[in-house]
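Trainee: I have a structure open and would like to talk it through with you. Could we take it one question at a time?

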Amino acid sequence: MKNIAIFASGSGTNAERICRYFADSKEVNVKLILSNKTNAGVLDRAKNLCVPTYVFSREAFYETDQIAHLLIERKINLIVLAGFLWLIPQH
């Protein structure tokens, strides 16, 4: 099983479509939705879809390994950027 994490910061229509597409898949699981905005619509959509969420700050994203550790802890294999516009750090 491949585990996906979706990074999104907007209304979440693309993230919702991805979640719904893989909802019955035995090969892919959307395991987590991450956002840099506490008021992003994607968080409400994730809640309605029963997908766990995580909100992070710019500092946590760029100056720590917090997000990388979270992805490893959740056994994420693939990252999808759905309306997320920050550059991904190389670490």
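Mentor: Gladly! Before we start, contact here means heavy atoms within 4.5 Å. Keep in mind, too, that this is a predicted model.

Trainee: Thanks, that helps. Which residues does Phe84 touch, not counting residues up to four places away in sequence?

Mentor: Let's place the residue before listing its neighbours. Phe84 sits in the segment after strand 4, and with a relative accessibility of 5% it counts as buried, because buried means under 20%. Leaving out residues up to four places away in sequence, its contacts are Phe7, Ala8, Ser9, Asn36, Phe56 and Phe61.

Trainee: How many Å apart in space are Phe84 and Ile6, C-alpha to C-alpha?

Mentor: Along the chain, Phe84 and Ile6 are 78 residues apart. In space, taken from C-alpha to C-alpha, the separation is 9.0 Å.

Trainee: And how many Å in space separate Tyr62 and Gly12, C-alpha to C-alpha?

Mentor: Tyr62 belongs to helix 3, residues 58-63, and is partly exposed, with a relative accessible area of 31%. Its sequence separation from Gly12 is 50 residues. From C-alpha to C-alpha, Tyr62 and Gly12 are 23 Å apart.

Trainee: Let's go inside. Which residues have the most contacts within the largest nonpolar core?

Mentor: The largest nonpolar core has 15 residues. Strand 1 (2-7), helix 1 (13-21), strand 2 (28-35) and helix 2 each supply at least two residues of this core. Those with the most contacts inside it are Ile6, Ala15, Cys19, Val30, Ile33, Val42 and Val51.

Trainee: How many residues are in the other core, the one lying apart from it?

Mentor: This second core includes Ala5, Leu70, Ile76 and Trp86 among its members. Its residue count is 13.

Trainee: Back to Ala15, then. What does Ala15 touch, not counting residues up to four places away in sequence?

Mentor: Ala15 is one of the residues with the most contacts inside the largest core. Once residues up to four places away in sequence are set aside, the residues it touches are Ile6, Ile33, Val42 and Ala82.

Trainee: What about strand 2: is it mostly covered or mostly open, and how many of its residues are buried?

Mentor: Strand 2 pairs with strand 1 in the parallel sense, over six bridges. As one example of a bridge partner, Phe7 has Leu34 in strand 2. Strand 2 is mostly covered, and of its eight residues the number buried is six.

Trainee: Now for the charged side chains. Which residues do the salt bridges join into one network?

Mentor: Side chains of opposite charge can pair when their charged atoms come close. Glu16 forms a salt bridge with Arg45, where the closest N and O atoms are 2.4 Å apart, and another with Arg20, where the closest N and O atoms are 2.9 Å apart. The count comes to two salt bridges. Because these bridges share a partner, the network consists of Glu16, Arg20 and Arg45.

Trainee: How many residues apart are Glu16 and Arg45?

Mentor: Glu16 and Arg20 both lie in helix 1, four residues apart, about one turn of the helix. The pair of Glu16 in helix 1 and Arg45 in helix 2 instead links distant parts of the chain. The separation of Glu16 and Arg45 in sequence is 29 residues.

Trainee: Is Glu16 buried or exposed?

Mentor: Its two partners first: Arg20 is exposed, with a relative accessible area of 53%, and Arg45 is partly exposed at 26%. Glu16 has 17% relative accessibility, so it counts as buried.

Trainee: I also noticed Cys50 in the backbone angles. What value is its phi near?

Mentor: Cys50 lies in the loop between helix 2 (41-48) and strand 3 (53-55), and is exposed, with a relative accessible area of 70%. Its phi is positive in a residue other than glycine, and is near 60°.

Trainee: What is the phi of Lys75, about?

Mentor: Lys75 is found in the loop between helix 4 (66-73) and strand 4. It is exposed, with a relative accessible area of 59%. Although Lys75 is not a glycine, its phi is positive, at about 55°.

Trainee: Last one! Which residues make the nonpolar surface patch?

Mentor: The patch covers about 260 Å². One member lies in strand 4 (residues 78-81), and at 45% relative accessibility Ile79 counts as partly exposed. The patch is made by Ile79, Leu81 and Ile88.

Definitions and conventions
Residues numbered from 1 in each chain as written. Predicted model: local features only at pLDDT ≥ 70, side-chain atom pairs only at ≥ 80, totals over all residues. Heavy atoms only, no water. Patch = residues over 30% accessible without salt bridge, like charges linked within 9 Å, V, L, I, M, F, W, Y side chains within 5 Å. Areas by Shrake-Rupley, 256 points an atom, 1.4 Å probe, with all protein chains shown as cover. Salt bridge = Lys/Arg side-chain N within 4 Å of Asp/Glu carboxyl O. Buried < 20%, exposed > 50% of the residue type's maximum accessible area, 1.4 Å probe, protein only. Core = buried A, V, L, I, M, F, W, Y, C linked by side-chain atoms within 4.5 Å. Pairing = 2+ DSSP bridges.
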